[in-house]
Amino acid sequence: MEVVVVIVGAGPSGLATSACLNQKSISNIILEKEDCYGSLWRKRSYDRLNLHLGKHFCQLPSLPHSSTTPTFMPKHAFIEYLDAYVSHYNINPLYYRCVQSALYDDTLRKWVVQAKNGLAGETETYISEFLVIATGENSEGYIPKLPGLDRFSGEVIHSSEYKSGRKYQGMNVMVVGCGNSGMEISYDLSNFGAFPSVVVRNPFHVLTKHMVYMGMFLSKYLPATFVDHLIMLLEKLHFGDLSKYGIRRPTRGPFFVKNVTGRSPTIDVGTISKIRKGEIKVVPNIVTIEGKTVAFENGIHGQFDVIVFATGYKSTARYWLKDYQFILDDDGMPQNKWPNHWKGSTAIYCAGFSGKGLPGIAQDAVAIANDIEKVLGNKE
Ligand SMILES: Cc1cc2nc3c(=O)[nH]c(=O)nc-3n(C[C@H](O)[C@H](O)[C@H](O)COP(=O)(O)OP(=O)(O)OC[C@H]3O[C@@H](n4cnc5c(N)ncnc54)[C@H](O)[C@@H]3O)c2cc1C
Ligand SMILES: NC(=O)C1=CN([C@@H]2O[C@H](COP(=O)(O)OP(=O)(O)OC[C@H]3O[C@@H](n4cnc5c(N)ncnc54)[C@H](OP(=O)(O)O)[C@@H]3O)[C@@H](O)[C@H]2O)C=CC1
Ligand SMILES: O=C(O)C(=O)Cc1c[nH]c2ccccc12
């Protein structure tokens, strides 16, 4: 099959890019390995997930959220928004198509993309002028190789597999990682009567979602350093000194840290209050694991039935993109820094790899579609 643009992945990035191309009548197809679009939101996120950014920052190009949508949407409302987006822009991804290789053919001057059709069991070939990588920064759960992890006798899961604390009632659960996933999963576990301990190894920012909302709004008009100072002041006033609970703040502000390291501030959903009450424990880095016993850096040992790794994600684009050096580094992330991250050297683009969540995705999709239109226009 031959089209102008092949897009790999039907998450928000792939859908937004397809919509922008459809608006310009540029033929495109999306190849998606799952049986649906938005698979991260439908299949790989926990039940109580609400969006942390206000709805104004979580919309895809050219379709605002309705005035009745709450400012901070539950995940089902975002999935309903994706449903509306897909039908509005008449997007029809091809499902059960797991892309296994993409190579640039110098003679044809086209991309040759091979996908395994999970229904027919055959390998199909797609040929296109342009290729868009939209498989996401959160494509695969990352689990660090901790000493003795292979000898742990309890259950081990990644946060992307966690749905709710229902089945963990009465159990001791170690949650590794204090990002948004780890801190919210700890809270959920405690609500369901489990006994969570969360591993914190480095300083991080804890904010309320309203602080982030305010910070993102002010960043449009004021210098980033000023906004960071203001938000840190509010952070200190609201949460106080948390060092006696093992939580320390970075010296640089939350927006600076987000921009430079990609690490998002942790939005407090009630976890801090439970930590203060002792309902959630904070533990330092892990030294070794043996059976159900975990030894921590402070010399203390704990017994755990379950470990939840909320240790983040990695890109999988390098597994299938053979000519990755045109755009990605060895970790499957863009070689170029923001704002030039989205474009590669040989008719290749990546959408959704800016580390800026849904607002970054919307910007990438518009930039990619405009660029493809320009390149096609120059050829005529
Ligand atoms: C739990 C969680 C909550 C989040 N909440 C927010 C939030 O509130 N606000 C925000 O701005 N950002 C949030 N993010 C960040 C993230 O930017 C968005 O969630 C968004 O879904 C990313 O969209 P994407 O399309 O780039 O990737 P994804 O949504 O991951 O979509 C990628 C798609 O590619 C498919 N795919 C992967 N490999 C292949 C292959 N080889 N062949 C074919 N298809 C393939 C996958 O099945 C998937 O459907 C969250 C992330 C997580 C993990
Ligand atoms: N409602 C929402 O909007 C939600 C949004 N998200 C977003 O999804 C993305 C992914 O979030 P998340 O899944 O939390 O992942 P993150 O990458 O944000 O956080 C990973 C955490 O794991 C820790 N970690 C990594 N390796 C180790 C290790 N070997 N030992 C101990 N700790 C370790 C990191 O600590 P360190 O800092 O020390 O490296 C960090 O605290 C983020 O952008 C986040 O904001 C996630 C959940 C909900
Ligand atoms: O949910 C995330 O981590 C995101 O990447 C969304 C996001 C974009 N810019 C931000 C600034 C502060 C906190 C979250 C985000």
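At what angle do helix α5 (residues 209–219) and α6 pack, and how far apart are their axes? The answer is in point 5 below, after a look at the domains and the ligands. Please keep in mind throughout that this is a predicted model.

1. Let's begin with the overall layout. The domain assignment splits the chain into domain 1 (2–139 + 315–379) and domain 2 (141–309). The C-alpha centres of domain 1 and domain 2 are 29 Å apart. Domain 1 puts 10 residues into the contact, and domain 2 puts in 13 residues. On the side of domain 1 that touches domain 2, there are four nonpolar, three polar and three charged residues.

2. Ligand 1 is a good place to go next. It is surrounded by 34 residues, and the closest are Gly9, Gly11, Gly136, Gly352 and Gly357. Two or more residues of this shell come from each of α1 (12–23), α2 (39–43), β3 (97–105) and α10 (357–379). By class, the shell around ligand 1 holds 15 nonpolar and 15 polar residues, together with four charged ones.

3. Now for ligand 2, which has 25 residues around it; Gly177, Gly179, Ser181, Asn202 and Gly312 come nearest. Helix α4 (residues 180–191) supplies the largest share of this shell, with four residues. The shell around ligand 2 is made up of nine nonpolar, 13 polar and three charged residues. Where does ligand 2 lie with respect to domain 1 and domain 2? Both domains give residues to the shell around ligand 2, so this ligand lies between them.

4. Ligand 3 is also worth a look. The residues around ligand 3 are His52, Leu53, Val212, Lys258, Ser264, Pro265, Lys356, Gly357 and Pro359. Their classes are four nonpolar, three polar and two charged. Domain 1 and domain 2 each contribute at least three residues to the shell around ligand 3. You may like to note that Gly357 is listed for ligand 3 and is also among the closest residues to ligand 1.

5. Back to the opening question. Helices α5 and α6 pack at an angle of about 160°, and their axes are 10 Å apart. The two helices are therefore roughly antiparallel to each other, as angles over 145 degrees count as such. Their crossing is right-handed. From α5, the contact uses Met211, Gly215, Leu218 and Ser219, while α6 brings Ala224, Val227, Ile231, Leu234 and Glu235. Sorted by class, the contact of α5 with α6 has six nonpolar, two polar and one charged residues.

6. Helix α6 has another partner. The axes of α6 (residues 224–239) and α7 (residues 254–261) come within 7 Å and cross at roughly 125°, which makes α6 oblique to α7. Here Ala224, Val227, Asp228 and Ile231 of α6 meet Pro254, Phe255 and Phe256 of α7. This contact consists of six nonpolar residues, no polar ones and one charged residue. Ala224, Val227 and Ile231 take part in the contact with α7 and also appear in the contact with α5, so you can inspect both packings from these residues.

7. In domain 1, have a look at α1 and α3, which pack at an angle of about 25° with their axes 10 Å apart. That makes α1 roughly parallel to α3. The crossing of these two helices is left-handed. Pro12, Leu15 and Ala19 in α1 meet Leu82, Tyr85 and Val86 in α3. By class, this contact has six nonpolar residues, with no polar and no charged ones. Helix α1 is also one of the elements that give two or more residues to the shell around ligand 1.

8. Finally, here are two backbone details to check in your viewer. Trp338 and Pro339 are joined by a cis peptide bond, with omega about 10°. Pro339 sits in the loop between α9 (317–320) and β18 (348–350). Ser62 is not a glycine, yet its phi is positive, at about 70°. You will find Ser62 in the loop between α2 and α3 (75–88).

Note on methods. Residues are numbered from 1 along each chain as its sequence is written. Chains are lettered from A and ligands numbered from 1 in the order in which they are written. This is a predicted model: local features need pLDDT of at least 70, side-chain atom pairs count only at pLDDT 80 or more; totals for chains, interfaces and linings use all residues. A residue is near a molecule or strand if its C-beta atom, placed from the backbone, lies within 6 Å of it. Ala, Val, Leu, Ile, Met, Phe, Trp, Tyr, Cys and Pro count as nonpolar, Asp, Glu, Lys and Arg as charged, and the others, Gly among them, as polar. Domain bounds come from an automatic or database domain assignment. Axes are lines fitted to C-alpha atoms, for helices over the stretch in contact, and angles run from 0 to 180 degrees between N-to-C directions. Angles under 35 degrees count as roughly parallel, over 145 as roughly antiparallel, 65 to 115 as roughly perpendicular and the rest as oblique. Two residues are in contact if their C-beta atoms, placed from the backbone, lie within 7 Å. A crossing is left-handed if the near helix is turned anticlockwise from the far one by less than a right angle, and right-handed if clockwise.
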